[in-house]
Amino acid sequence: MSFLEGLNPQQLEAVTLPHQSALILAGAGSGKTRVLTTRIAWLIQTGQISPQGVLAVTFTNKAAREMLLRISAMLPINTRGMWVGTFHGLCNRILRAHYREAGLPQTFQILDSADQLAMVKRIMKSMNVDDEKYPPRQAQYFINDAKEQGLRAPKVEAFDDFSRKLVTVYESYDAQCNREGVVDFAELLLRCFELLSKTEVLREHYRARFKHILVDEFQDTNRLQYFWLKLLAGANNFIFGVGDDDQSIYAFRGARAGNMLDFEKDFHVDKVIKLEQNYRSQGNILDAANALIRHNRARLGKDLWTAQGSGEPLRLFEAMTDLEEASYVLEEVKQLRSEGAPLSEIALLYRSNAQSRVLEHALFNAGISYRVYGGLRFFERLEIKHALAYLRLVANPDDDGALLRVINFPTRGIGNRSIEQLQDVAASRGISLWQAACANTLSGKAGSSIAGFVRLIESMRSACEALPLPEIIDHVVELSGLIAHYQNEREGEDRLENLGELTNAAIAFVSPEGPATQAQEGETQPQEFAALAAFLAHASLEAGEHQAAAGAEALQLMTVHSAKGLEFHAVFITGLEEGLFPHENSISEQDGLEEERRLMYVAVTRARHRLYLTHAQTRMLHGQTRYNIASRFLEEIPEGLIKRVNTTKFSGFVSARGFDRGYEVKSPAIEREVSGWRVGQNVVHAKFGAGVIVSAEGRGADARVQVNFRNSGMKWLALEYAKLAPA
DNA sequence: ATTAGTGGTGTTTTT
DNA sequence: CACCACTAAT
């Protein structure tokens, strides 16, 4: 089998492991995806299983697509019927096939997190819960967390009034979701889990089918996902898990690297195979990554090595401001490009999405094409959300969230008063807003406006029956009045274009390559709007990746999180500052710092040949300038691997060519000065350690400076007494 | 009923 | 700064 050639001994062992469950501890760049896909190809090629008998689970749609691509490169088979997808995608698939047994309408809709938050707010308002005391965001988090533990409201343990209140919110939230026929992300998993738990027939059906279950990024599974896997595997099937505890960066959404240990026990994994040879990065980069991650306590233990040479040192640049940082990055990108590196092989990474703005600005002015991943995605744009809401109403009129979004957009004379009356009717009779609207108990002008809206949706439904999906979308968008509305708006051009794109997305969706043709399990009574529901599900589950048109010759901008699994010739890790990266919120969290460090580890290991580390002394954040000291992670990388590249050209001031924000940027860091100390200056204190001066006041004996210490936080120090030294 | 304007508030990361 | 929620004016 030619596809086995070139595997190293550990990889080969993993790929050809006989029937048993296995855990592959695969470091960054060690050929994890290759092992996983080759394993599948080997199982099929040796006749141990048919393509339909494979279940492969990933966390992103991108990873799933990549996997299918690689499999079809190795085997001359049709991968279309294969079950390769994300947890959410696969659960969606199962629930669509067995919606009845799952207690869902056939056209059930999926709430994205924004929809979910809106729903939580609505529920809390209807329950008269004080949203000052109980922030809706926290309630949302509470609900998701519970679901990710596999717990329904009655099972959640609450030991204080606060939690008890949130439990009641959870309970009514779920009740309302059921009434409306909508599910959130976590619900997809929980509902599917419950379905398989309680329905033996189905459980056995899937168990009999999927003899081999392969799991990518095992360290990112949460409790519920692990239970789900266990349930599906039963006593006789095998799980092949691949993961890297050092790359666990999703604890904030319930990921539990400890699942790997449970897996070892529960599935009697007698041999853990470690893949430690890295084929991606040159030595210095790898050494930096290893040194960094060694600062973490909770590790399974693993050290990467490479047969490549040590390569270049890492380049560290300290900027005065975020603008200067951007201009440095820009210059280096130009340089790399002139050396022949394709732009698509260069990545600009940052901790949080907001940081992309400054970089984008500089790139835009310089005319360098770039692509930003994440941020607001296609299906999350306002005009798209509106169009989708109309479509959701067509598929499932009981969707209150969708109705509320568009009942008065474009405006048609239905104001808050009317909506409140509708809500009262709906609440008192226990019906959906749509049903309340149809009953139309209101009189006068409000009543006729609502009747008009009801007729509008009805006409959409009847016009679209038996139409192919793309035409449904054209129709609905047209009838909704959104087109007319945006034509009259001055900034409407882009929005109109996006609405057009929506149709294209639908065309792509129903085309032979699209997921729509994936064979549906079992009995599918093709009901009128099933295709529409499938498309809407696709929109929720794949919100972002529409714009990820790969291959484009553009610089790649993304958060470190979304860079996981990717690699580039050159990587810039920007904003390496205390408070940003590691993020200040993470410091107080349990194990937060270690997760941040793993994140940094992921960032570092994205680079093949060249790695830039940059930070700025001052940065615009929350609309005000903040002073930051260098990230502790920089100190955790051995000096010998790093070359400082600050040049006179880039010291002191924003470059004269003026990257301004439309207003004058004050010369940084020397605005205020006291007794020879200046704001922005790095200092060392005998007791508090390293820090940066953030403000100063007084003179002579009264002179004081405020210092942000890395480890001790903010302190005011009287210069006359404090033992302060320049850093 | 709608909108413009105001003030207060908060934000990591994402399937 | 940007998004919300609420208020005051059309």
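Here are some notes on this predicted model, covering confidence, one helix, a pocket, two cavities and a buried arginine.

1. Confidence first. Chain A has a mean pLDDT of 85, with 87% of its residues at 70 or more. One weak stretch is residues 513–526, where the pLDDT is below 50; in the model this stretch still has 23 contacts beyond near neighbours in sequence. Another is residues 648–671, where pLDDT stays under 50 and the model has 39 contacts beyond four places in sequence. I'd keep both ranges in mind when reading on.

2. Helix α19 looks regular by length. It covers residues 444–464, and its 21 residues should span 30 Å at 1.5 Å a residue; the end C-alpha atoms are 30 Å apart, so the two agree. Just after α19, Ala466 takes a positive phi of about 70°.

3. Which residues of α19 are buried? They are Gly447, Ser449, Ile450, Phe453, Val454, Leu456, Ile457, Met460 and Cys464. The spacing is worth a look against the helical repeat. An α-helix has 3.6 residues a turn, so residues three or four places apart point the same way. As for what lies over these buried residues of α19, the cover includes α15 (382–395), α16 (400–406), α17 (416–429), α18 (433–439) and α20 (469–480).

4. Now the second largest pocket. It holds about 1,000 Å³ of space. Its lining has 37 residues, and those nearest the centre are Arg122, Asp400, Leu404, Gln423 and Leu433. Two or more lining residues come from each of α5 (113–126), α7 (161–180), α15, α16, α17 and α18. So four names return from the previous point: α15, α16, α17 and α18 are among the elements covering the buried residues of α19, and they also help line this pocket.

5. Which element gives the most to that lining? It is α5, with 9 residues. By class, the lining of the second largest pocket splits into 14 nonpolar, 9 polar and 14 charged residues.

6. On enclosed space, a search of the whole structure finds 2 cavities of 30 Å³ or more. The largest cavity has about 110 Å³ of space. Its lining is made of Gln109, Ile110, Asp112, Asp115, Phe379, Lys385, Leu388, Arg392, Leu536, Ala539, Ser540 and Ala543. The elements giving two or more of these residues are β4 (109–111), α15 and α23 (530–541). Sorted by class, the lining of the largest cavity has 6 nonpolar, 2 polar and 4 charged residues.

7. The second largest cavity has a volume of about 40 Å³. Asp322, Glu325, Gln355, Val358, Leu359, Thr574 and Arg619 line it, with α13 (322–338) and α14 (356–366) each supplying at least two of the lining residues. The lining of the second largest cavity comprises 2 nonpolar, 2 polar and 3 charged residues.

8. Last, Arg598, which sits in helix α26 (residues 592–604). Is Arg598 buried or exposed? Buried, because its relative accessibility is 12% and the cut-off for buried is under 20%. What does Arg598 touch, leaving aside neighbours within four places in sequence? Its contacts are Asp245, Asp246, Gln247, Ser248, Ile249, Ile293 and Asn296. Two aspartates, Asp245 and Asp246, are on that list.

How values were computed. Residues numbered from 1 in each chain as written. Chains lettered and ligands numbered in written order. Predicted model: local features only at pLDDT ≥ 70, side-chain atom pairs only at ≥ 80, totals over all residues. Heavy atoms only, no water. Expected span 1.5 Å × (residues − 1). Buried < 20%, exposed > 50% of the residue type's maximum accessible area, 1.4 Å probe, protein only. Contact = heavy atoms within 4.5 Å. 1 Å grid on protein atoms, 1.4 Å probe; cavity = no way out; pocket = protein on both sides within 12 Å on 5 of 7 lines; lining within 4 Å. Points joined across faces, edges and corners; volume = space filled by probe spheres on them. Nonpolar A, V, L, I, M, F, W, Y, C, P; charged D, E, K, R; others polar. pLDDT = per-residue confidence, 0-100.
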